[in-house]
Amino acid sequence: MPECLSCGACCFGGHDRYIQLFDDDLARGLPEAALHRVDGQVYMAMRNGHCAQLVALPGGALACGVYAARPTACRAFRAGSFECGRARHHRMAEADALRLPEPANDDLPPEIAQPA
């Protein structure tokens, strides 16, 4: 089963109305900077083709910056589902391009670096 908390493929969408928010979502306390308002509707803000709350972490993982308050649509998305497979097939290259590289051993502080 895919690792749901580090993949990020489902966070990519082709337009600024990708994840619509509802009253329950707004009640969870999403920060205003995470929101995009259009024609009286509220959506998750998008940046460079992905949810603006998708964060690249050292080591290559991608994480949700508002995971505890994530929208209903994100909560309903299941790792390993048909939709997950489609997102991974169509969007994984974009997710991979966003990932931060694994730090080289030379870049790590001496107390963390692994012996060669």
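Let's start with some sorting of residues: Ala, Val, Leu, Ile, Met, Phe, Trp, Tyr, Cys and Pro count as nonpolar, Asp, Glu, Lys and Arg as charged, and the others, Gly among them, as polar. With that in hand, look at the largest pocket of this predicted model. Its lining has 24 nonpolar residues, next to 2 polar and 4 charged ones.

The pocket itself has a volume of about 550 Å³. In total, 30 residues line the largest pocket, and those nearest its centre are Cys4, Cys10, Cys11, Cys74 and Phe77. Which elements each supply at least two residues of that lining? They are β7 (62-64), α2 (72-76) and α3 (82-98).

Now step back to the whole protein. You'll find 3 helices and 7 strands in it. Walking along from the N terminus, the elements go β-α-β-β-β-β-β-β-α-α. Of the 116 residues, 28% count as buried. And if you take the contacts between residues at least 6 apart in sequence, 58% of them join residues at least 24 apart.

One piece to pick out by eye is an open sheet of 3 strands, in the order β1-β3-β2, with antiparallel pairing. As background, strands of a sheet pair through backbone hydrogen bonds, either parallel or antiparallel. At the edges of this sheet stand β1 (20-21) and β2 (35-38); each has a single partner strand, so one side of each is left without a neighbour in the sheet. Strand β2 is joined to β3 (residues 41-44) by 4 bridges, and the two run antiparallel. To see how they line up, find His36, which stands opposite Tyr43 in β3.

Follow the chain from β2 to β3 and you pass through a loop that holds Asp39. Asp39 has a phi near 50 degrees, which is a positive value in a residue other than glycine. Is Asp39 buried or exposed? It counts as exposed, at 68% relative accessibility. A little further on, Asn48 sits in the loop between β4 (46-47) and β5. Asn48 isn't a glycine either, yet its phi is positive, at about 55 degrees. Asn48 is exposed too, with a relative accessible area of 69%.

Strand β5 (residues 50-51) brings us to Cys51. At 12% relative accessibility, Cys51 counts as buried. Setting aside neighbours within four places in sequence, Cys51 is in contact with Cys11, Met44, Ala45 and Met46. Gly65 lies 14 residues from Cys51 in sequence, and their C-alpha atoms are 9.8 Å apart in space.

With several cysteines already named, it's natural to ask about bonds between them. A disulfide is a covalent bond between the sulfur atoms of two cysteines. How many disulfides does a search of the whole structure find? The count is 0. Take Cys7, which is in no disulfide: the nearest cysteine sulfur belongs to Cys84 and is 6.1 Å away. Since a disulfide needs the two sulfur atoms within 2.5 Å, that distance of 6.1 Å is why Cys7 and Cys84 don't make one. Cys7 is buried, with a relative accessible area of 10%. Cys64 is in no disulfide either, and the nearest cysteine sulfur to it, that of Cys51, is 6.3 Å away. Cys64 counts as partly exposed, at 32% relative accessibility.

How values were computed: Residues are numbered from 1 along each chain as its sequence is written. This is a predicted model: local features need pLDDT of at least 70, side-chain atom pairs count only at pLDDT 80 or more; totals for chains, interfaces and linings use all residues. Side-chain values use heavy atoms; hydrogens and water are left out. On a 1 Å grid over the protein atoms alone, a cavity is a set of points where a 1.4 Å probe fits but cannot get out, and a pocket is an open set with protein on both sides within 12 Å along at least five of seven lines; lining residues have an atom within 4 Å of a point. Grid points are joined across faces, edges and corners, and a volume is the space filled by probe spheres set on the points. Buried means under 20% relative accessible area, exposed over 50%, partly exposed in between (1.4 Å probe, protein chains only). Two strands pair if DSSP finds at least two bridges between them. Contact means heavy atoms within 4.5 Å.
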